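Here are my notes on this model, in numbered points. Please read them with the structure open.

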Amino acid sequence: MNQSAEAFIERLQRHDIKYMENPQPDGSHYVAVELAGNDGSLYNVVMVFGADGTEFRIRIFQLGKVPKDRVRPMLRTLNEINEAYAWLRFYIDSDSEVAAAMDAVITP
């Protein structure tokens, strides 16, 4: 396991946060947690640590379902939000659900 993923998992364990992990054959490492929103909704958050420990990606799925007749207006809204945030992007996935993604370069 790379140094970044190891440090992150140690922190989760220290704070008794439940997680799932999935080391990949290429040396990258997936870590998933489930977070509860203020209204009790659960969100799947997946963090991917690159093989060398300097690449980090986070994905949040199922932020909300978009009805077919609201996809175009939602895309406009998401594009406006995406313009405001350089490192974070929102999109509608193939299941018509809003998801978020962020990629970063980190120092182990």
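1. Hairpin of E3 and E4. This is a predicted model. Five residues lie between strands E3 and E4 in their hairpin, and Gly53 there takes a positive phi near 80 degrees. The two strands pair in the antiparallel sense, over six bridges. Two of the partnerships are worth locating. Val46 has Arg59 of E4 as its bridge partner. Met47 has Ile58 of E4.

2. Hairpin of E2 and E3. Strand E2 covers residues 29–36 and strand E3 covers residues 42–49; they pair in the antiparallel sense over eight bridges. His29 is bridged to Phe49 in E3. Again there are five residues between the strands, and Gly40 in this hairpin has a positive phi near 90 degrees.

3. On to E6. E4 also pairs with strand E6, residues 97–105. These two run antiparallel and are joined by eight bridges. Follow Ile58 here. Its bridge partner in E6 is Met102, while Met47 is the residue of E3 whose partner in E4 is Ile58.

4. Aromatic rings. How many aromatic pairs does the model hold? The count comes to two. Phe8 and Phe49 make a tilted pair, with 5.6 Å centre to centre and 45 degrees between the planes. The pair links distant parts of the chain: Phe8 sits in helix H1 and Phe49 in strand E3, 41 residues apart. Phe8 is partly exposed, at a relative accessible area of 26%. Phe49 is buried, at 3%. The rings of Phe49 and Phe56 have centres 5.1 Å apart and planes at 50 degrees, so this pair is tilted. Phe56 is buried as well, with a relative accessible area of 14%. Ring pairs thus join Phe8, Phe49 and Phe56 into a cluster.

5. Phe49 in two roles. Phe49 of E3 deserves a second look. Phe49 is the bridge partner of His29. Its ring also belongs to the cluster with Phe8 and Phe56. With a relative accessible area of 3%, Phe49 counts as buried because that value is under 20%.

6. Helix H1, geometry. H1 has 12 residues. From its first C-alpha to its last it reaches 16 Å, close to the 16 Å expected at 1.5 Å a residue. Asn2 caps the N-terminal end of H1. The contact is from a side-chain oxygen of Asn2 to the backbone nitrogen of Ser4, at 3.1 Å.

7. Helix H1, sides. Which residues of H1 are buried? They are Ser4, Ala5, Ile9 and Leu12. These residues cover an arc of only 125 degrees around the axis, so they are on the same side of H1. Gln3 and Arg14 are exposed on the other side of H1. The buried residues of the helix pack against E1, E2 and E3.

8. Asp16. Asp16 is not a glycine, yet its phi is positive, at about 55 degrees. Most residues other than glycine have a negative phi. Where is Asp16 found? Asp16 follows H1, in the loop between helix H1 (3–14) and strand E1 (20–23). Asp16 is exposed, with a relative accessible area of 70%.

9. Gln62. Here is a second non-glycine case. Gln62 has a positive phi of about 55 degrees. Unlike the loop setting of Asp16, the setting of Gln62 is a strand, E4, residues 55–65. Is Gln62 buried or partly exposed? Gln62 is partly exposed, with a relative accessible area of 40%.

10. Asn82. Asn82 is in helix H2, residues 71–84. A polar atom of the Asn82 side chain lies 2.7 Å from the backbone nitrogen of Phe90. Neighbours within four places in sequence aside, Asn82 is in contact with Leu88, Arg89 and Phe90. Phe90 thus appears both in the polar pair and among these contacts.

Conventions
Residues numbered from 1 in each chain as written. Heavy atoms only, no water. Helix = DSSP H or I, 4+ residues; strand = E, 2+ residues; numbered from the N terminus. Buried < 20%, exposed > 50% of the residue type's maximum accessible area, 1.4 Å probe, protein only. Polar contact = N/O pair within 3.5 Å; in protein donor to acceptor, adjacent residues only side chain to side chain. Contact = heavy atoms within 4.5 Å. Pairing = 2+ DSSP bridges. Phe/Tyr/Trp six-rings, centres within 6.5 Å; stacked < 30°, edge-to-face > 60°. Expected span 1.5 Å × (residues − 1). Arc of directions from axis to C-beta.
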